[in-house]
Amino acid sequence: MSDQLDRAAEALQRAPDVALACHINPDPDALGSMLGLAEFLQARGKRVTCSYGNVPFEHPRWVEALPGAGLLVPPNEFPKSPEVMVTLDCASTDRLGALLGSAKKAKELIWIDHHVSNEGAGTIPLIDPRASSTAEMVYRLMRRMGGDIPADAAACLYAGIVTDTGRFQYDATSTDTLRLGAELRTHAFDHAKLAQALFEDNSVPYLRVLATALGRLQLVPDAELVWTYLTQEDIIEVGIPMGETDDLIDVIRTAREADVAAVLKQQRDGRFKVSMRSRGGHDVATIAAAHGGGGHRLAAGYTAKGSLEESARDLVESLKAAPKVA
């Protein structure tokens with residue numbers, strides 16, 4: 001990892017222009033890592049371009065709370081053959097969506113991630129499954145490059161770390177993570193306002209669709225699973241983008257009767273995206289990987305290929321067959 005950090009730092013030091021991309025349907029760790037690194041590089045005189053591969057290019061509701069949001073451009077304005085490209089929080093190449101072509105043509109591709117399912121990609125892979133977040137990895141890279149970290153960059157990294165650690169409660173939260181959170185808080189940004197935007201800013205339509213999902217909740221005791229689903233019709237009816245329902249899984253996972261919680265959300269193409277969380281008794285990353293997805297031991301996901309009934313049945317059978325974690 002030390003050698004790779006050196007190589008990445010040297011590549012970024014040399015580059016006058018850097019293209020940065022995070023995964024489709026980005027969460028705060030993906031966007032916070034990308035915009036934080038962009039702010040840091042801009043302060044060092046670099047020209048940066050930031051994007052993610054969603055088409056249409058729709059932003060999560062909280063994105064405006066992050067400094068650097070104005071740097072985001074739609075995929076069609078992203079460099080087609082960048083000299084230096086950095087990917088953030090992408091567990092696999094397909095998570096780049098419409099930006100995959102740019103990654104394939106990049107002369108230098110720095111791949112920064114912390115997902116255990118990531119086998120490595122790019123010319124300079126920076127992957128550490130022990131890291132709490134990709135934002136923590138970006139911080140290490142900034143420190144290796146040297147110089148001050150701007151307050152706006154610190155705010156973005158803090159957003160990534162505080163969300164990916166579940167407000168510092170998940171297993172991946174190490175003593176180093178807590179020290180990093182404290183260090184980032186020494187910079188001048190409005191911590192309370194940022195936290196409110198990330199955790200306490202739901203719309204009435206979202207609460208209504210949450211009620212719909214809770215009304216459909218199903219407990220499968222022999223699979224140690226609690227699950228629910230949303231369709232495209234559900235979100236069209238209330239008038240919100242599907243991305244606004246990303247926090248729904250955090251409500252479902254509070255059910256004490258099951259080890260695994262899952263939310264199946266229908267995408268525009270009709271397929272169901274399966275998001276899973278485990279309390280520790282199951283390695284959901286293994287289940288996700290078997291279905292072409294990825295993630296962490298306690299948080300992972302994949303896109304199912306069948307109908308709702310087929311997808312739910314397959315998930316249940318996969319959990320029944322999966323070995324329990326000691």
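Which residues make the nonpolar surface patch of about 210 Å²? In this predicted model, the patch is formed by Leu-214, Leu-217 and Val-251. Leu-214 belongs to helix 8, which covers residues 204-215, and its relative accessibility of 38% places it in the partly exposed class.

**Salt bridges**

The salt bridges number 17. Three of them are listed below with the closest N to O distance.

| Acidic residue | Basic residue | N to O distance |
|---|---|---|
| Asp-17 | Arg-47 | 2.6 Å |
| Glu-58 | Arg-268 | 3.2 Å |
| Asp-234 | Arg-216 | 2.5 Å |

In the salt bridge between Asp-17 and Arg-47, Asp-17 sits in strand 1 (residues 17-22) and Arg-47 in strand 2 (residues 47-52), so the pair ties together parts that are 30 residues apart in sequence. Asp-17 is partly exposed at 36% relative accessibility, whereas Arg-47 is exposed at 54%.

Glu-58 and Arg-268 form a salt bridge between two loops: Glu-58 lies between strand 2 and strand 3 (84-88), and Arg-268 between strand 8 (260-266) and strand 9 (272-278), so parts 210 residues apart in sequence are tied together. Here Glu-58 is partly exposed, with a relative accessibility of 38%, and Arg-268 is exposed, with 62%.

The salt bridge of Asp-234 with Arg-216 links helix 9 (residues 232-238), which holds Asp-234, to the loop between helix 8 and strand 6 (218-220), which holds Arg-216; the pair therefore ties together parts that are 18 residues apart in sequence. Asp-234 is buried at 9% relative accessibility, and Arg-216 is partly exposed at 23%. Elsewhere, Asp-128, Arg-130, Glu-136 and Arg-140 are joined into one network by salt bridges that share partners.

**Helices and individual residues**

Helix 2 has 16 residues (28-43), so at 1.5 Å a residue it should span 22 Å; its end C-alpha atoms are 22 Å apart, in agreement with that value. Of its 16 residues, 14 are buried, leaving helix 2 mostly covered. Just after helix 2, Gly-45 adopts a positive phi of about 90°.

Is Ser-311 buried or exposed? Ser-311 has a relative accessible area of 3%, and because buried means under 20%, Ser-311 is buried. Ser-311 is part of helix 12 (residues 308-321), and its side chain reaches the backbone oxygen of Gly-306 at 3.2 Å. Beyond its neighbours within four places in sequence, Ser-311 is in contact with Leu-264, Phe-272, Ala-304 and Gly-306.

Ala-195, in helix 7 (residues 191-199), is partly exposed with a relative accessible area of 26%. The C-alpha atoms of Ala-195 and Arg-167 are separated by 9.6 Å, and the two residues are 28 residues apart along the chain.

Definitions and conventions:
Residues numbered from 1 in each chain as written. Predicted model: local features only at pLDDT ≥ 70, side-chain atom pairs only at ≥ 80, totals over all residues. Heavy atoms only, no water. Patch = residues over 30% accessible without salt bridge, like charges linked within 9 Å, V, L, I, M, F, W, Y side chains within 5 Å. Areas by Shrake-Rupley, 256 points an atom, 1.4 Å probe, with all protein chains shown as cover. Salt bridge = Lys/Arg side-chain N within 4 Å of Asp/Glu carboxyl O. Helix = DSSP H or I, 4+ residues; strand = E, 2+ residues; numbered from the N terminus. Buried < 20%, exposed > 50% of the residue type's maximum accessible area, 1.4 Å probe, protein only. Polar contact = N/O pair within 3.5 Å; in protein donor to acceptor, adjacent residues only side chain to side chain. Contact = heavy atoms within 4.5 Å. Expected span 1.5 Å × (residues − 1).
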